[in-house]
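The following exercises concern a single protein chain and are to be worked with its sequence and structure in view. Each task is followed by a solution in steps.

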Amino acid sequence: MKLTPENLTSLDFNKMSLIPAIVQDAQSGVILMQGFMDQAALDATFEKGLVTFYSRSKQRLWTKGEESGNVLKLVSAYTDCDRDSLLLLANPAGPTCHLGTQSCFADARPAISFLSELERVICERKDADPEQSYTASLFAKDLSRSCQKVGEEGVEVALAAMKQDQLELRNESADLLYHLIVLLQRSGLSLEQVVETLSERHK
């Protein structure tokens, strides 16, 4: 069930005073961390829009990133069928783990999640020095150049498939995905919106 400010009291805190809460990257799907919440922590999370836990060591409410600045910006929250655990979708502002890594679960991440990471990197490099960044150099050029690159890479993908050369097909497909993300960014669109369109078609 999706949680809203109107149904935050629907969780079953009678089974245990603290409910486990898993935080997932809203864009990539990577599991970022796990903490515990009581009703006050859940309320604070929705009030501030920042993931807030009940810290068992500090014995108080603790907003993730309150010292480091690496907060978790709440996107949406869900409870399971028994209403005794939480799944929070959030956008991280920097590394989530205190060790400086994206996730507290080390390398436990689906390979497909790298597309979201790549999109973030591309977005960050939009305004970099074109002399130092290939990505920035693409944004510095006319939009038609990005359109041309997507067309060229699409043809290269088709030719590699026709040759049944798997290594070349992998490489050309990677080039196509990269330049497609650049083009989407230049057009004010995101991968998430494209996936939403695919999902709507599937329905």
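**Exercise 1. Surroundings of methionine 33**

Task: Determine which residues methionine 33 is in contact with, leaving aside its neighbours within four places in sequence.

Solution. Step 1: The model is a predicted one, in which local features need pLDDT of at least 70, side-chain atom pairs count only at pLDDT 80 or more, and totals for chains, interfaces and linings use all residues. Residues are numbered from 1 along each chain as its sequence is written, and side-chain values use heavy atoms, with hydrogens and water left out.

Step 2: With contact defined as heavy atoms within 4.5 Å, the partners of methionine 33 are Ala21, Ile22, Val23, Phe53, Trp62, Lys64, Leu72, Thr96, Cys104 and Phe105.

Step 3: Methionine 33 belongs to strand 2 (residues 31-37); helices (H or I, at least four residues) and strands (E, at least two) are DSSP runs, numbered from the N terminus.

Step 4: Its relative accessibility is 8%, so methionine 33 counts as buried. The classes are buried (under 20% relative accessible area), exposed (over 50%) and partly exposed (in between), with a 1.4 Å probe and protein chains only.

Step 5: From methionine 33 to leucine 18 the C-alpha distance is 16 Å, for a sequence separation of 15 residues.

**Exercise 2. The annotated domain**

Task: State which residues the annotated domain covers, and give its helix and strand content.

Solution. Step 1: According to the unreviewed UniProt entry, the annotation "domain: Phosphoribosyl-AMP cyclohydrolase" covers residues 33-105. UniProt positions are given in the numbering used here, feature names are shortened, and annotations may be inferred rather than shown by experiment.

Step 2: Across residues 33-105, helix accounts for 14% and strand for 38% of the chain. The end C-alpha atoms of this stretch are 7 Å apart.

**Exercise 3. Leucine 87**

Task: Classify leucine 87 as buried, partly exposed or exposed, and list its contacts beyond four places in sequence.

Solution. Step 1: Leucine 87 is located in strand 6 (residues 86-92).

Step 2: A relative accessible area of 30% makes leucine 87 partly exposed.

Step 3: Its contacts outside the neighbours within four places are Ile22, Gln24, Ser76, Ala77 and Tyr78.

Step 4: Although 66 residues separate leucine 87 from alanine 21 along the chain, their C-alpha atoms are separated by 5.8 Å.

**Exercise 4. Two glutamines with positive phi**

Task: Locate glutamine 59 and glutamine 164, and decide whether each is buried or exposed.

Solution. Step 1: Glutamine 59, not a glycine, has a positive phi of about 60°. Its place is the loop between strand 3 (52-55) and strand 4 (60-63), and at 55% relative accessibility glutamine 59 counts as exposed.

Step 2: Glutamine 164, likewise not a glycine, has a positive phi of about 55°. The loop between helix 4 (143-162) and helix 5 (166-186) holds this residue, and at 72% relative accessibility glutamine 164 counts as exposed.

**Exercise 5. The overall form**

Task: Explain why the protein is described as more spread out than a compact globule.

Solution. Step 1: The protein has 6 helices and 6 strands, in the sequence order β-β-α-β-β-β-β-α-α-α-α-α.

Step 2: Its radius of gyration is 21 Å, well over the 17 Å given by the globule rule for 203 residues, so the protein is more spread out than a compact globule. The radius is taken over C-alpha atoms, and the rule is 2.2 Å times the number of residues to the power 0.38.

Step 3: Along the principal axes, the C-alpha atoms fill a box of roughly 60 × 40 × 30 Å.

Step 4: Of the 203 residues, 36% are buried.
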